[in-house]
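Dear colleague,

Please find below the structure I am handing over to you, followed by a summary of what was found in it.

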Amino acid sequence: MTASQLRGALSAGVTHTDPELSPLRTSRTRQPWPELPPPQALDSGVPLAVVLHQGVRTALHRSLAHGYYLPVRAALADDGPVPVCWYGQQDASWIAYYDVLHRLGLARYGPDEAAHLDAWAGLARSCGWWWPGEEVCVVVDRPEAIRTEAVSGTAHDQIRLHPRGLRHRDGWQPLLHR
């Protein structure tokens, strides 16, 4: 099952209105829901589904995209072309989101989808980036050290890498630009 097929099957198992599959807001203003710390968001009437989406999927995606894989990809591009698609710990945002929904009883997955989600979660926890092929799968070891800093002004404690915050076991340590 491909990643997009799995994500589609997991979305189909969500028992509440998934903010990713529905309009942003149905109020008269048509403005997006405010992004607030979870207790304040719930007190302000933001639906739990939106709070979970913002606090798990969106926040992790921002931290991983802007704080990790986009800077690393840019550093890799200095040495030549990089693969168009890879998988790994940067997939943690959607993996964690569907896992949280399942654990809270807000999603029901069939045995096949649950097994695939567990496999993706195991890969995201245990290895770095990976590229599957027909005959070979390339798997990159996780970094030896990752140093992060908080991104000020974010509602969900987002983080980013220090400019010299990534070091691999073979000594590669890119200078990351923001």
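pLDDT is the predictor's confidence in each residue, on a scale from 0 to 100. The model is predicted, and the mean pLDDT of the protein is 82, with 88% of its residues reaching 70 or more. Confidence varies among the elements: the lowest mean pLDDT, 75, belongs to strand 1 (residues 130–132), and the highest, 92, to helix 2 (residues 38–43).

Salt bridges

The count of salt bridges comes to 5. Three of them are described here, beginning with the pair Asp99 and Arg103, whose side chains meet at 2.7 Å, N to O. Asp99 and Arg103 are 4 residues apart in helix 4 (residues 92–103), so about one helical turn separates them. Asp99 has a relative accessibility of 23% and counts as partly exposed, because buried would require a value under 20%. Arg103, at 67% relative accessibility, counts as exposed, the cut-off for that class being over 50%.

A salt bridge also joins the side chains of Asp141 and Arg169, at 3.6 Å, N to O. This pair links distant parts of the chain, 28 residues apart: Asp141 is in the loop between strand 2 (137–139) and strand 3 (145–150), whereas Arg169 is in the segment after strand 4 (159–167). With a relative accessible area of 47%, Asp141 is partly exposed. Arg169 has a relative accessible area of 53% and is therefore exposed, as the class begins over 50%.

The side chains of Arg167 and Glu144 form a further salt bridge, at 3.0 Å, N to O. Because Arg167 lies in strand 4 and Glu144 in the loop between strand 2 and strand 3, the pair ties together parts that are 23 residues apart in sequence. Arg167 is partly exposed, with a relative accessible area of 34%. Glu144 is likewise partly exposed, its relative accessible area being 45%.

Aromatic pairs

The structure holds 2 aromatic pairs. One of them is formed by Trp94 and Trp120, with 5.3 Å from centre to centre and 55° between the planes, and is tilted. Trp94 belongs to helix 4 and Trp120 to helix 5 (residues 111–126); the two are 26 residues apart, and the pair links distant parts of the chain. Both Trp94 and Trp120 are buried.

The second largest pocket

Rolling a probe the size of a water molecule over the atoms shows where empty space is left. The second largest pocket has a volume of about 200 Å³. Its lining consists of 13 residues, of which Leu64, Tyr68, Ile146, Thr148 and Ile159 lie nearest the centre of the pocket.

Which elements each supply at least two residues of the lining of the second largest pocket? They are helix 3 (48–77), strand 3 and strand 4. Helix 3 provides the largest share of this lining, with 5 residues. By residue class, the lining of the second largest pocket divides into 7 nonpolar, 4 polar and 2 charged residues.

In reading these results together, you may wish to keep two points in view. Strand 3 and strand 4 contribute to the lining of the second largest pocket, and strand 4 also carries Arg167, which pairs with Glu144 in the loop between strand 2 and strand 3. Helix 4 holds both the Asp99 and Arg103 pair and Trp94 of the tilted aromatic pair.

Yours sincerely

Methods:
Residues are numbered from 1 along each chain as its sequence is written. This is a predicted model: local features need pLDDT of at least 70, side-chain atom pairs count only at pLDDT 80 or more; totals for chains, interfaces and linings use all residues. Side-chain values use heavy atoms; hydrogens and water are left out. A salt bridge is a side-chain nitrogen of Lys or Arg within 4 Å of a carboxyl oxygen of Asp or Glu. Buried means under 20% relative accessible area, exposed over 50%, partly exposed in between (1.4 Å probe, protein chains only). On a 1 Å grid over the protein atoms alone, a cavity is a set of points where a 1.4 Å probe fits but cannot get out, and a pocket is an open set with protein on both sides within 12 Å along at least five of seven lines; lining residues have an atom within 4 Å of a point. Grid points are joined across faces, edges and corners, and a volume is the space filled by probe spheres set on the points. Ala, Val, Leu, Ile, Met, Phe, Trp, Tyr, Cys and Pro count as nonpolar, Asp, Glu, Lys and Arg as charged, and the others, Gly among them, as polar. Rings of Phe, Tyr and Trp (its six-membered ring) pair if their centres lie within 6.5 Å; planes under 30 degrees apart count as stacked, over 60 as edge-to-face and the rest as tilted.
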